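Biologist: Before I plan anything at the bench, I would like to go through this structure with you, one question at a time. Please give your reasoning with each answer and finish on the value or name I asked for.

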Amino acid sequence: MSRAAAALLATTVASSACAHAETQLELSGYYKNLLTDSRTVIPSGDEYQLDLNRVRLEVKGRLAQPVALDLEYDNEIRLGSYLDTEQFQLQKMLQSPQYWDLEDTYLDSESLYGRHRLYRAFVTITAGQTDVRIGRQR
């Protein structure tokens, strides 16, 4: 997803939230760090270290009485010797299996690899006992 699209989405959500007095959005998130010391599969047996750092921001709640929002944004930075492996070079060229490609690499150097994405982003519209969800879901 381009930065312009992400900015447009954030602006739309914010302006929609401000337009309705009934808006009840909650902002939360977390930071995760995973340090791995392992071996590659392709080619077999090359040792590597990977330091994965992820920040996930979540916006959830009601935009209006019948409309709810669920948005989860990830920003990841990877570093370590894993970036030099043939396995990582092949892995980063794979196309996303998702229907909507909502991720983008913003940093790709010898020592750092950064990407961001909308992990989940959907709107739920409720009418009586019926819920209709539109967007990127589980």
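Biologist: Which residue has a side chain that a polar contact of 2.4 Å joins to the side chain of Asn 53?

Modeller: Please bear in mind that this is a predicted model, and that the values are computed from it. Asn 53 is found in strand E2, which covers residues 47-64, and its side chain makes a polar contact of 2.6 Å with the side chain of Asn 33. The polar contact of 2.4 Å, in turn, joins the side chain of Asn 53 to that of Tyr 31.

Biologist: Is Asn 53 buried or exposed?

Modeller: When residues up to four places away in sequence are not counted, Asn 53 touches Tyr 31, Lys 32, Asn 33, Asn 75, Glu 76, Ile 77 and Leu 79. Its relative accessibility is 14%, and buried means under 20%. Because 14% falls under that cut-off, Asn 53 counts as buried.

Biologist: How many helices and strands does the protein have, and in what pattern do they follow one another?

Modeller: The secondary structure comes to two helices and six strands. Read along the sequence, these elements follow the pattern α-β-β-β-α-β-β-β.

Biologist: What share of contacts between residues at least 6 apart in sequence joins residues at least 24 apart?

Modeller: One pair that is distant along the chain is Gly 114 and Asn 75, which are 39 residues apart, while their C-alpha atoms are separated by 7.5 Å. Over the whole protein, among contacts between residues at least 6 apart in sequence, the share that joins residues at least 24 apart is 56%.

Biologist: Where is Gly 114 found, and what is its relative accessibility?

Modeller: Gly 114 is found in strand E5. Leaving aside neighbours within four places in sequence, Gly 114 is in contact with Glu 76, Ile 77, Asp 104, Thr 105, Tyr 106 and Leu 107. Gly 114 counts as buried, because its relative accessibility is 0%.

Biologist: How far apart are the closest N and O atoms in the salt bridge of Lys 60 with Glu 72?

Modeller: Side chains of opposite charge can pair when their charged atoms come close. Lys 60 lies in strand E2 and Glu 72 in strand E3 (residues 67-79), so that the pair, 12 residues apart, links distant parts of the chain. Lys 60 is partly exposed, with a relative accessible area of 32%, whereas Glu 72 counts as buried at 3% relative accessibility. In the salt bridge of Lys 60 with Glu 72, the closest N and O atoms are 3.6 Å apart.

Biologist: Which residue meets Arg 117 in a salt bridge of 3.3 Å, N to O?

Modeller: Arg 117 is buried, with a relative accessible area of 15%, and its partner also counts as buried, at 1% relative accessibility. Arg 117 sits in strand E5 (residues 113-127) and the partner in strand E3, with the two positions 43 residues apart along the chain. The side chain that meets Arg 117 at 3.3 Å is that of Asp 74.

Biologist: Which residues are linked with these in a network of salt bridges?

Modeller: A search of the whole structure finds 12 salt bridges. The network takes in Lys 60, Glu 72, Asp 74 and Arg 117, and the further residues linked in it are Arg 56, Glu 58 and Arg 120.

Biologist: Which element supplies the largest share of the lining of the largest pocket?

Modeller: The largest pocket has a volume of about 530 Å³ and is lined by 22 residues, with Leu 94, Gln 95, Ser 96, Glu 103 and Arg 115 nearest its centre. Helix H2 (86-93), E4 and E5 each supply at least two residues of this lining. The largest share, five residues, comes from E5.

Biologist: How far apart are the closest N and O atoms of Arg 115 and Glu 103?

Modeller: Arg 115 is buried, with a relative accessible area of 14%, while Glu 103 is partly exposed at 22%. Both are among the residues nearest the centre of the largest pocket. Arg 115 forms a salt bridge with Glu 103, and their closest N and O atoms are separated by 2.9 Å.

Definitions and conventions: Residues numbered from 1 in each chain as written. Predicted model: local features only at pLDDT ≥ 70, side-chain atom pairs only at ≥ 80, totals over all residues. Heavy atoms only, no water. Helix = DSSP H or I, 4+ residues; strand = E, 2+ residues; numbered from the N terminus. Buried < 20%, exposed > 50% of the residue type's maximum accessible area, 1.4 Å probe, protein only. Polar contact = N/O pair within 3.5 Å; in protein donor to acceptor, adjacent residues only side chain to side chain. Contact = heavy atoms within 4.5 Å. Salt bridge = Lys/Arg side-chain N within 4 Å of Asp/Glu carboxyl O. 1 Å grid on protein atoms, 1.4 Å probe; cavity = no way out; pocket = protein on both sides within 12 Å on 5 of 7 lines; lining within 4 Å. Points joined across faces, edges and corners; volume = space filled by probe spheres on them.
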